[in-house]
Amino acid sequence: MTNRHAGLLVAVVIVGMFPTIAAACPVCYGDSDSAMAQGANNAVLFLLGVVLMVQAGFVALFYTFWRRSTALRRRREQFRLIQGMRI
């Protein structure tokens with residue numbers, strides 16, 4: 001066991017010995033109309049918005065790739081090879 005694992009084990013044991021340390025924060029069991037609870041709710045909504053914007057960016061990126069590949073395929077089909085005459 002490394003020192004890092006031993007330190008983690010000690011921390012888990014200490015938190016287990018004193019359950020008040022592991023208790024929920026005032027936002028979780030307190031007044032849901034408090035300013036801190038509203039701030040936490042707004043933070044969650046903001047982070048969900050960030051995740052959705054990143055996913056929308058990926059969708060737009062792949063849609064652009066699909067459009068470009070379709071246009072390139074159409075352009076390639078426009079060109080025909082001219083068969084040479086045999087002598």
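Trainee: Which residues make the nonpolar surface patch?

Mentor: F46, L47, V50, V54, F58, L61, F62 and F65 make it, and it covers about 810 Å². Patch residues have over 30% relative accessible area and no salt bridge (a side-chain nitrogen of Lys or Arg within 4 Å of a carboxyl oxygen of Asp or Glu); nonpolar side chains (Val, Leu, Ile, Met, Phe, Trp, Tyr) are joined within 5 Å, like charges within 9 Å. Bear in mind that this is a predicted model: local features need pLDDT of at least 70, side-chain atom pairs count only at pLDDT 80 or more, and totals for chains, interfaces and linings use all residues. Residues are numbered from 1 along each chain as its sequence is written, and side-chain values use heavy atoms, leaving out hydrogens and water.

Trainee: Why is V50 called partly exposed?

Mentor: V50, which sits in helix α3, has 36% relative accessibility. Buried means under 20%, exposed over 50%, and partly exposed in between (1.4 Å probe, protein chains only), so V50 counts as partly exposed.

Trainee: How many aromatic pairs are there?

Mentor: The structure holds two. In one of them, the ring centres of F62 and F65 are 6.1 Å apart and the planes stand at 75°. Rings of Phe, Tyr and Trp (its six-membered ring) pair if their centres lie within 6.5 Å; planes under 30 degrees apart are stacked, over 60 edge-to-face, and the rest tilted. So F62 and F65 form an edge-to-face pair.

Trainee: Where do F62 and F65 lie, and what makes F62 exposed?

Mentor: Both are in helix α3, three residues apart, about one turn of the helix. F62 has 52% relative accessibility, so it counts as exposed. F65, at 44%, is partly exposed.

Trainee: What makes the pair of Y63 and W66 tilted?

Mentor: Their planes are 35° apart, with 5.8 Å centre to centre, and that angle makes the pair tilted. Y63 and W66 are also both in helix α3, three residues apart. Y63 is partly exposed at 45%, whereas W66 is exposed at 53%.

Trainee: Which helix has the highest mean pLDDT, and which the lowest?

Mentor: Helix α3 (residues 35–78; a helix is a DSSP run of H or I, at least four residues, numbered from the N terminus) has the highest, 92, and helix α2 (residues 26–29) the lowest, 62. The pLDDT is the predictor's confidence in each residue, from 0 to 100. For the chain, the mean is 83.

Trainee: How many residues does the chain have, and what share is buried?

Mentor: There are 87, and 2% of them are buried.

Key. Helices (H or I, at least four residues) and strands (E, at least two) are DSSP runs, numbered from the N terminus. Accessible areas come from the Shrake-Rupley method with a 1.4 Å probe; for residues, only the protein chains shown count as cover.
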